[in-house]
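Subject: Structure handover and findings

Hello,

I am passing the structure on to you with this email. My notes on what was found follow below it.

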Amino acid sequence: LYSRMKEAEPKNGAVWYNLALCLAWDGRSAEAAETLHTAAGLLPQDHTAVEAEALAQILDQQRTERQYAVVQHRFRVRSLSELYARLNQNPLFTANRQFERDPEIPGVPSGVERVAAFDLLDRAMPDQEEITQLAQFPRSIGDVDLFDVVDYRGNQGQDIPFPAIFLTLTEDRSEDALATLRTTCGSVLQEPPTSETIVRQPLDMRDLEGRLHRPESMTRRRFAELTLHLSSEVIDQWMNRPLLSLQGRTPRDAASDSTRTREVAACALVLYFNSLSLDQQIDLQQIRQKLGVKAPAPLTLTPGQQCAPLSIFQLERVDCASLSDMQLQEFCLRVGVLSFVAGIKRGFDELLRRPAALEQFGITRACLLRADLARSENNLEKAVECFQIAREATARNREGFRERMEIEIREIAARLDDPHDPVLVNLLRNIRDRYAAKVPEIVAILQRVLLDAGAAHLIGELLGSGTEPAEPTTLWTPGAATVPTESAGKSLWLPGQT
């Protein structure tokens, strides 16, 4: 239908736009992108044309020649415990204590789990006292995962290629990384590895690649303070990078060309939403200011209009203050499902200003979600405000025991970004005195959380006077000064051990 309408009205941008959406839904991305470029040139020079051009650029990113490969190399291992020890001895490999034991990893059979994880750094970690600027932080350039059989039932008689080590990183870094891994691990690795491309990423996203690595001795709060301006650094790098979407011109150069305003404004949107897909927060307003691009007018919904049909481009422009209580709740649900961070912040801040809407949505749910976001922004004051609102609401609910405990635990987790936060003592004593008797397993969980956060000095507050904290599990390796005794707990890490 739209193809016929396009022939009858070749200058109608809305027809071209709707045709492009149909092509995209049909999986014909290249045709959809070309059609969207045409639509953007025919639509009025406003936010609609910019959004059409941005969607075209996002679809263009799916073309193989505009992507780079992320590759996974898999080695069988002769001794997983020896491999673990060797990786620990190389400062370029740093243990990741927060990995998830997920049994549903693609390519990993039933009964096999990830039992340890490391980050591969581009250079050794300097002393934290020497770090005063972003450029001094090493970057994590690869993921190193160790797998082992933890349940042999159902796998007997099969040739399971485990234990194993998986090295995942971009293709252009593979040669050097494999050399480092082989030098470190030697004959523990069984050659040759199997390698495969597991995903392809847009070339224009290279500035968003690589995570800064925090020294273990540095608190999360201090790390967040030092990396506060990471968004500005990424934007500055991107401003001077030739982009395929701008036919090889840099955004800074193209921004000075008045005939390229639409493409440049679209590039800003694409960078922003690409960053969301990688769980990063880039300041869209800052991008627009640097490019000299005007922000579109806020979007105001009509009474009764729903948020569900809105695109993420439109959600970015929604004026939350103008929404009815029902529309605001729907908006918060929508941006939450999309993990749209800026939308979550705007929507839930507005929700917290409306007691009736907040009550209908669920006070604890809204407050804890907003507190988590505040924590990611290193805004402890906002997080504590949310915890207090939730705490006051559950105090009115006699059945809110579990909710009250969860609020306490969430606040402990937020304050552990600085293990010397003075409020932690009272929070841990509160857990011990009010909740531990009814939910005894929470003590073991929090003890591990304290150890992982570098707050072993607080375990006594959780356990009470006269109780010795359990020794943390440690790894003994050949050549160590002493061999741990039985009384020190399980000190030798073995494949399959949790």
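A cavity here is a set of grid points where a 1.4 Å probe fits but cannot get out, and a residue lines it if one of its atoms is within 4 Å of a point. Helices are DSSP runs of H or I with at least four residues, numbered from the N terminus. Please keep in mind that this is a predicted model.

Overall content

The protein has 21 helices and 7 strands. Of its 498 residues, 45% are buried. Among contacts with a separation of 6 or more, 63% are between residues 24 or more positions apart.

Cavities

A probe the size of a water molecule, rolled over the atoms, shows where empty space is left. In this model there are 2 cavities of 30 Å³ or more.

The largest cavity has a volume of about 80 Å³. Its lining consists of Gln 57, Gln 61, Asp 204, Met 205, Leu 208, Trp 238, Leu 243, Ser 245, Cys 267, Val 270, Leu 271 and Asn 274. Helix 10 supplies the largest share of that lining, 4 residues. Sorted by class, the lining of the largest cavity holds 7 nonpolar, 4 polar and 1 charged residues.

The second largest cavity encloses about 40 Å³. Around the second largest cavity are Arg 221, Arg 375, Asn 378, Asn 379, Leu 380, Ala 383, Ala 414 and Asp 417. The classes in this lining are 3 nonpolar, 2 polar and 3 charged.

The second largest pocket

Unlike a cavity, a pocket is an open set of points. The second largest pocket has a volume of about 490 Å³. Its lining comprises 20 residues, and those nearest the centre are Leu 55, Ser 311, Ile 312, Phe 313 and Gln 314. Three helices each give at least two residues to the lining of this pocket: helix 4 (47-60), helix 10 (261-277) and helix 12 (312-317). Helix 4 contributes the most, with 5 residues. Helix 10 therefore appears in two linings, that of the second largest pocket and that of the largest cavity. By class, the pocket lining has 11 nonpolar, 6 polar and 3 charged residues.Helices 17 and 18

The axes of helix 17 (residues 380-395) and helix 18 (residues 401-415) come within 10 Å and cross at roughly 170°. Angles over 145 degrees count as roughly antiparallel, so helix 17 and helix 18 are roughly antiparallel to each other. On the side of helix 17, the contact is made by Leu 380, Val 384, Phe 387, Ala 390, Arg 391, Thr 394 and Ala 395. Helix 18 brings Glu 403, Arg 404, Ile 407, Glu 408, Arg 410, Glu 411, Ala 414 and Arg 415. The classes in this contact are 7 nonpolar, 1 polar and 7 charged residues. Leu 380 and Ala 414 take part in the helix contact, and Leu 380 and Ala 414 are also in the lining of the second largest cavity.

Backbone geometry

Most residues other than glycine have a negative phi, and most peptide bonds are trans. The following residues depart from that.

- Glu 191 and Pro 192 are joined by a cis peptide bond, with omega about -5°. Pro 192 sits in strand 6.
- Gln 247, in the loop between helix 8 (230-239) and helix 9 (251-255), has a positive phi, near 55°. Its relative accessible area is 60%, and the cut-off for exposed is over 50%, so Gln 247 is exposed.
- Asn 378 has a positive phi as well, near 65°. Asn 378 is in the loop between helix 16 (363-376) and helix 17. With a relative accessibility of 25%, Asn 378 falls between the limits of 20% and 50%, so Asn 378 counts as partly exposed. Asn 378 is also one of the residues lining the second largest cavity.

Gly 186

Gly 186 lies in the loop between helix 6 (174-185) and strand 6 (189-202). Is Gly 186 buried, partly exposed or exposed? Its relative accessible area is 32%, which is between 20% and 50%, so Gly 186 is partly exposed. Leaving aside neighbours within four places in sequence, Gly 186 is in contact with Arg 86 and Leu 181. Gly 186 and Leu 83 are 103 residues apart in sequence, and their C-alpha atoms are 9.1 Å apart in space.

Regards

Note on methods:
Residues are numbered from 1 along each chain as its sequence is written. This is a predicted model: local features need pLDDT of at least 70, side-chain atom pairs count only at pLDDT 80 or more; totals for chains, interfaces and linings use all residues. Side-chain values use heavy atoms; hydrogens and water are left out. On a 1 Å grid over the protein atoms alone, a cavity is a set of points where a 1.4 Å probe fits but cannot get out, and a pocket is an open set with protein on both sides within 12 Å along at least five of seven lines; lining residues have an atom within 4 Å of a point. Grid points are joined across faces, edges and corners, and a volume is the space filled by probe spheres set on the points. Ala, Val, Leu, Ile, Met, Phe, Trp, Tyr, Cys and Pro count as nonpolar, Asp, Glu, Lys and Arg as charged, and the others, Gly among them, as polar. Axes are lines fitted to C-alpha atoms, for helices over the stretch in contact, and angles run from 0 to 180 degrees between N-to-C directions. Angles under 35 degrees count as roughly parallel, over 145 as roughly antiparallel, 65 to 115 as roughly perpendicular and the rest as oblique. Contact means heavy atoms within 4.5 Å. Buried means under 20% relative accessible area, exposed over 50%, partly exposed in between (1.4 Å probe, protein chains only).
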